[in-house]
Amino acid sequence: MDAVELPRSLVSTVRSELKILDQRGLPETVAYLSCTELSEVIAAIKSLAVRGAPAIGLAAAYGLLLGLEDCPDDAASIQAELVARGHALIAARPTAVNLSWAVEQMLQFAATQSAAMGETGWRDRLYAQATALFNADRAACRAIGVAGAGLIKDRPSVLTHCNAGSLAVSEYGTALAPIYQAQADGLPVQVWVDETRPVLQGARLTAYELMAHGVPCRLITDSMAAHVMSQGLVDLVLVGADRVALNGDAANKIGTLGVAILAKHYGIPFYVACPWSTVDLATPTGADIIIEERAADEVRQIQGVWTAPHNVPVFNPAFDVTPADLIAGIITERGILMPNALSEPACGAEHG
Ligand code: MRU
C-alpha cells in the first residue's frame, strides 16, 4: 500500500454531530458514523467502532453534549442530565480510565460554571471544553513523541502490540508517536507489528497507519514475537496503556503482558507510552483494575468468519496487566517517568 492520508478517528465541527471513524471496517473501508445522539456514541464505544483509551474519552466528551437541546436551561437540571449521561458513557467500557477521566473533566467544568450553566450559550461553553480536551490530547501526543524519540536513536527496530497510534487518540498517537517523531527527525526506524488477536488492532489499524505514514513495518502473528526477539531483531518495545495504577502496573491490550515477559527474557527495554490522563493515582495496583471481558464470538471468529466450533466455551479478557517491574519507563507529556515514582509531587495530581 502506498502512503495515503490517514483519516481522523473523530471529527467534530458542530456541537450537534460527532463523526466517528468506524474502525471496524479498516483497512478495507473508510467510513464515518454520524452520531447525533448519546446512545449512538455509547454503541460506537461498545462495538469498538471507536477504540483506544484517549479516543473513547474524547468521544465521550463530545457525546455527552449531543441532543442536549431538550434539557431545560437551569443549572440543576443541566447538572443532573450530564451526570446521568456520564454514568451511561462510563459503563460502556470499564478498563480505560480515560473514559471516566474525560467525563469527570466535563462534569467538573459544568460544576465550576455553576449558575452560569443555564445562561445563554451554556451548550457552546461545554462544547468548547470538549474541544479543549481534544486539543490537550493532541499536545500531549506530540510531547510524548518528542519525549520518546530519543529512545529510538540507538534502538531502531521497535515492536508494538495493538494500536496506540493516531487512530486511538486525537491524532499522532502514544506508542507510535515516538516512532513518527523519530521518522520526522530523520532517524532510521522500523516496526514489528503484532497482529493482536482477537480483533486484530495491530494488523488492521497499526499496519495501516504506519504504512500511511510511510514507516517501514512488518506484520507478525502474536505467536511470532518470541522468535523474532530470539533472533535479535527487536531493540525496543513500545506499547500504549488503558490505565496505569499508582504503583506503575499498566493495563493494556490482551497479549501485552506476554510481550513484556518476552522482552525481559531477551533483555529488550519495554516502555509504555500514554498521556497523563491514563495514569490513575486512585487505583493502587494493577490488581485493582477491572478487566473488560468481551463477547465469545470475538474468539470463535476472525472478522466474522467462524474459526472454531460455534459453541465452544471461551474466555475473552480484552486487557492484561503488566507489572511495573517489567516496565523500563512510562513515556508521558511530562517526560519519561519511572513506574515506581508516579505519585511524586513533580508528577502532579490530576487524578485521585
Ligand atoms: O480494545 P481497544 O482497541 O480499545 O484497546 C486499545 C489498547 O489497548 C491501546 O493500546 C490503548 O488504549 C492505548 S491507545 C493510545
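## Close-up views of a predicted model

**View 1. Leu200, a residue in the loop between β5 and α7.** Leu200 is buried in this predicted model, with a relative accessible area of 9%. Its value falls under the 20% cut-off, so Leu200 counts as buried. The backbone here deserves a look too: phi of Leu200 is near 65 degrees, a positive value in a residue that is not glycine. Pro198 is found in this loop as well, between β5 (190–194) and α7 (201–212). The peptide bond that leads from Arg197 to Pro198 is cis, and its omega is near 10 degrees.

**View 2. Leu48, in the loop between α1 and α2.** What sign does the phi of Leu48 have? Phi is positive, at about 70 degrees, although Leu48 is not a glycine. Is Leu48 buried or exposed? Leu48 is buried, as its relative accessible area is 9%.

**View 3. The cis peptide bond between Leu26 and Pro27.** Follow the chain from Leu26 to Pro27 and you will find omega at about 0 degrees. Pro27 belongs to the loop that runs between β2 and β3 (32–35).

**View 4. The largest nonpolar core, made of 44 residues.** Inside this core, the residues with the most contacts are Leu18, Val41, Val50, Leu89 and Leu126. Which elements each supply at least two of the core's residues? They are the strand β2 (17–21) and the helices α1 (38–46), α2 (53–63), α3 (75–90), α4 (97–113) and α5 (122–153). Val41 is a good place to begin exploring. Setting aside neighbours within four places in sequence, Val41 is in contact with Leu18, Ile20, Cys35, Ala59, Gly63, Leu66 and Leu89. A second core, separate from this one, has 27 residues, among them Ala225, Ala260, Ile268 and Leu337.

**View 5. Thr278, in the loop between β10 and β11.** To find the residue, look between β10 (270–273) and β11 (279–280). Thr278 is buried, and its relative accessible area is 0%. Which residues is Thr278 in contact with, leaving aside neighbours within four places in sequence? Val97 and Asn98 are among them, and so are Ala241, Asp242, Arg243 and Val244.

**View 6. The whole protein, with its 10 helices and 16 strands.** Now step back from the details. The C-alpha atoms fill a box of roughly 65 × 50 × 40 Å, taken along the principal axes. For 352 residues, a compact globule would have a radius of gyration near 20 Å, and the protein agrees because its value is 20 Å. Of the 352 residues, 55% are buried. Contacts also link distant parts of the sequence: among contacts with a separation of 6 or more, 75% are between residues 24 or more positions apart.

**View 7. The surface and the charged side chains, with about 14000 Å² exposed by the protein.** Carbon and sulfur atoms supply 55% of this exposed area. How many positive and negative side chains are there? The protein has 23 positive and 37 negative ones. The centres of these two sets lie 2 Å apart.

Technical notes: Residues are numbered from 1 along each chain as its sequence is written. This is a predicted model: local features need pLDDT of at least 70, side-chain atom pairs count only at pLDDT 80 or more; totals for chains, interfaces and linings use all residues. Side-chain values use heavy atoms; hydrogens and water are left out. A nonpolar core is a set of buried Ala, Val, Leu, Ile, Met, Phe, Trp, Tyr and Cys residues joined through side-chain atoms within 4.5 Å. Buried means under 20% relative accessible area, exposed over 50%, partly exposed in between (1.4 Å probe, protein chains only). Helices (H or I, at least four residues) and strands (E, at least two) are DSSP runs, numbered from the N terminus. Contact means heavy atoms within 4.5 Å. The radius of gyration is taken over C-alpha atoms; the globule rule is 2.2 Å times the number of residues to the power 0.38. Accessible areas come from the Shrake-Rupley method with a 1.4 Å probe; for residues, only the protein chains shown count as cover. Lys and Arg count as positive and Asp and Glu as negative; His and the chain ends are not counted. The place of a charge is taken as NZ of Lys, CZ of Arg, CG of Asp or CD of Glu.
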